[in-house]
There are 2 protein chains.
Amino acid sequence: MTKKQAATQSVQDYLKRIYELTEDGAPASTNDLARELNIKPASVTGMIQKLAAEKPALVEYQKHQGVTLTKAGRKAALEVIRHHRLLEAWLVRTLGYSWDEVHEEAERLEHVISEDFEMRIAAAMGHPDRDPHGELIPTAELVMPTEESIPLSALRPTQTGIVQCVKAADTELLRFLEGLGLIPGAEIEIKEYSPFDHNLTVKIGRKTTVLGLNITSKIFIEES
Amino acid sequence: MTKKQAATQSVQDYLKRIYELTEDGAPASTNDLARELNIKPASVTGMIQKLAAEKPALVEYQKHQGVTLTKAGRKAALEVIRHHRLLEAWLVRTLGYSWDEVHEEAERLEHVISEDFEMRIAAAMGHPDRDPHGELIPTAELVMPTEESIPLSALRPTQTGIVQCVKAADTELLRFLEGLGLIPGAEIEIKEYSPFDHNLTVKIGRKTTVLGLNITSKIFIEES
DNA sequence: AAATCAATTTAGGATAACCTAAATTTTAAG
DNA sequence: CTTAAAATTTAGGTTATCCTAAATTGATTT
């Protein structure tokens with residue numbers, strides 16, 4: 001049977017964070033997880049040991065070496081991420097939430113919606129492939145599509161493209177970027193590059209702005 | 001400060017059930033609560049004692065005499081009930097749930113939505129005063145409107161009216177009633193009354209059906 | 001290789017919300 | 001008014017998840 005015991009909310013949160021922290025290929029450390037989850041490292045160790053000991057293990061764990069997800073753990077994580085991103089899209093589209101407001105609400109709802117609810121909102125939106133920030137939504141089969149876009153920081157003068165994704169969670173930053181028009185779908189063109197500080201002068205729509213690396217590394221572009 | 005510590009999901013469930021069980025004015029017994037909440041009576045006693053001991057008490061409790069809600073407890077209960085009923089209405093209207101499907105989903109969502117979410121869905125629906133079953137929705141100020149309609153079982157031949165509310169939770173029964181057209185808004189007329197078994201012959205729209213007391217006591221009518 | 005510091009784990013507790021089994025109280029019946 | 005049955009409460013456990021403080025391990029520096 002593929003039937004897994006409903007993971008608790010805590011477990012779902014652990015798996016989601018582990019997924020995010022291991023996207024770069026490296027295991028997630030106890031400390032990093034503790035910071036992301038706002039709990040103490042000692043508690044993380046305990047939970048991780050439990051997850052590694054489950055009948056079908058959800059994580060791979062070696063003392064002092066960090067954790068990674070097993071196939072089962074990854075599926076469970078993608079389920080939560082799919083819920084979260086579909087919810088963000090749904091809240092923005094049907095209830096007029098702005099992209100800087102949805103996160104918290106989705107964070108709570110993601111743990112309690114049914115598969116039926118998931119299917120209904122996905123269908124109602126025409127099965128979107130990205131959330132309001134442009135983050136890819138795992139498929140119903142729990143496969144994460146591959147991201148084709150590249151960071152804005154990798155572009156150089158005369159290159160043009162379209163903003164696909166803004167990887168930021170901070171409300172202030174999101175509002176700032178929205179003010180600049182730097183949102184998914186925006187057309188951009190690189191005007192200047194400053195090799196010393198990595199600043200890029202970017203034309204967004206009709207406005208032109210200078211952006212630092214801390215911003216350009218978070219914006220993902222599909223070149224055109 | 002009126003700021004109450006976020007009640008846990010369990011506490012919210014207890015308060016909601018106590019509200020329902022005490023609508024008739026009488027205190028709710030430990031046993032009844034246990035049955036409604038699907039937990040053991042011993043556990044109910046423990047929780048009730050805790051709720052009665054809270055800084056602002058949520059329930060009034062006397063050993064062996066049952067519980068009632070305090071003002072604070074009632075407000076908290078009405079908040080949950082408002083969430084539940086608004087959610088049911090919203091799920092039916094925006095996601096095509098049928099009235100026999102919404103309960104479970106709303107039961108889980110009611111505990112996690114924000115006040116902001118509550119306001120948004122209420123506004124999006126034009127601040128409805130009843131849920132899909134016709135149950136009254138507490139106001140944003142947490143006041144339960146007074147129910148004016150009377151049970152179908154109280155009507156007698158030649159009286160006519162409109163169905164306002166169907167107080168039933170069972171999926172099968174709800175589907176059956178829907179099949180009969182016995183849903184909020186339906187026009188009905190009493191044709192016959194059988195004093196021995198309390199059966200009523202009722203014309204619903206153009207169909208005529210004989211209904212027993214177990215049904216007629218659950219349908220509420222506004223006489224016309 | 002020894003010392004030191006940071007990261008991690010272990011040990012021992014706390015809290016919330018259940019449970020079972022045993023005791024007690026209330027209610028109802030002789 | 002005594003007693004059996006029903007309802008309720010107490011006592012003692014369990015599980016999940018978190019915490020603090022102490023111990024340990026790994027990494028870095030001398």
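1. Let's start with a pair of strands. In chain B, strand β4 (residues 160-166) runs antiparallel to β8(B), and the two are joined over five bridges. One place to look is I162(B), which stands opposite E222(B) in β8(B). Before going further, keep in mind that this is a predicted model.

2. Strand β8 (residues 219-223) of chain B has another partner as well: strand β3 (residues 150-151) of chain B, again in the antiparallel sense, over two bridges. You can follow this pairing residue by residue. I150(B) has I221(B) as its bridge partner in β8(B), and P151(B) has F220(B).

3. Now step back to the whole sheet. Strands of a sheet pair through backbone hydrogen bonds, either parallel or antiparallel. Here the pairing is antiparallel, in an open sheet of six strands of chain B with the order β3-β8-β4-β5-β6-β7. Which strands sit at the edges? They are β3 and β7 (207-211) of chain B, each of which pairs on one side only.

4. While you are in chain B, have a look at R130(B), found in the loop between α6 (115-124) and β3 of that chain. Its side chain reaches the backbone oxygen of G134(B) at 2.6 Å. The side chain of R130(B) also makes a polar contact, at 3.2 Å, with the side chain of Q164(B). Residue Q164(B) falls inside strand β4, which spans residues 160-166 of chain B.

5. On to the overall build of chain A. Its secondary structure comes to eight helices and eight strands. The radius of gyration is 19 Å, close to the 17 Å that the globule rule gives for 224 residues, so chain A is as compact as a globular protein of that length. If you want a feel for the dimensions, the C-alpha atoms of chain A fill a box of roughly 55 × 45 × 25 Å along the principal axes.

6. Next, the DNA, beginning with strand C. There are 20 residues around DNA strand C, and those that come nearest are Q49(A), Y61(A), T8(B), S10(B) and K50(B). Notice that this list draws on chain A and chain B. What part of the strand does the protein meet, backbone or bases? Of the atoms of DNA strand C within 4 Å of the protein, 83% belong to sugar or phosphate, and the rest to bases.

7. Some individual contacts to the phosphates of DNA strand C are worth clicking on. A polar side-chain atom of T30(A) lies 2.9 Å from a phosphate oxygen, and an N or O atom in the side chain of K63(A) is likewise 2.9 Å from one. With N31(A) it is a polar backbone atom that is 3.0 Å from a phosphate oxygen of the strand. The elements that give two or more residues to the surface near DNA strand C are α2 (30-37) and α3 (41-53) of chain A, together with α1 (9-21) and α3 (41-53) of chain B. By class, that surface has seven nonpolar, 10 polar and three charged residues.

8. DNA strand D deserves its own look. Of the 20 residues around it, T8(A), S43(A), K50(A), Q49(B) and Y61(B) come nearest. Sugar and phosphate account for 82% of the atoms of DNA strand D that come within 4 Å of the protein. At least two residues each come from α1 (9-21) and α3 of chain A and from α2 (30-37) and α3 of chain B. The residues of this surface divide into seven nonpolar, 10 polar and three charged.

9. For contacts to the phosphates of DNA strand D, try three side chains. An N or O atom of S43(A) is 2.8 Å from a phosphate oxygen, a polar atom of T45(B) lies 2.9 Å from one, and for Y61(B) the separation is 2.3 Å.

10. Last, the empty space inside. Rolling a probe the size of a water molecule over the atoms shows where empty space is left. How many cavities of 30 Å³ or more does the structure hold? Just one, with a volume of about 50 Å³. Residues of chain A and chain B line this cavity, among them L87(A), W90(A), F117(A), L87(B), W90(B) and F117(B). Helix α4 (71-95) of chain A and α4 (71-95) of chain B each supply at least two lining residues, and the largest share, three residues, comes from α4(A). As for character, the lining has 10 nonpolar residues, no polar and no charged.

Note on methods: Residues are numbered from 1 along each chain as its sequence is written. Chains are lettered from A and ligands numbered from 1 in the order in which they are written. This is a predicted model: local features need pLDDT of at least 70, side-chain atom pairs count only at pLDDT 80 or more; totals for chains, interfaces and linings use all residues. Side-chain values use heavy atoms; hydrogens and water are left out. On a 1 Å grid over the protein atoms alone, a cavity is a set of points where a 1.4 Å probe fits but cannot get out, and a pocket is an open set with protein on both sides within 12 Å along at least five of seven lines; lining residues have an atom within 4 Å of a point. Grid points are joined across faces, edges and corners, and a volume is the space filled by probe spheres set on the points. Helices (H or I, at least four residues) and strands (E, at least two) are DSSP runs, numbered from the N terminus. Ala, Val, Leu, Ile, Met, Phe, Trp, Tyr, Cys and Pro count as nonpolar, Asp, Glu, Lys and Arg as charged, and the others, Gly among them, as polar. Two strands pair if DSSP finds at least two bridges between them. A residue is near a molecule or strand if one of its heavy atoms lies within 4 Å of it. A polar contact is a pair of N or O atoms within 3.5 Å; within protein, one must be able to donate a hydrogen and the other to accept it, and residues adjacent in sequence count only if both atoms are side-chain atoms. The radius of gyration is taken over C-alpha atoms; the globule rule is 2.2 Å times the number of residues to the power 0.38.
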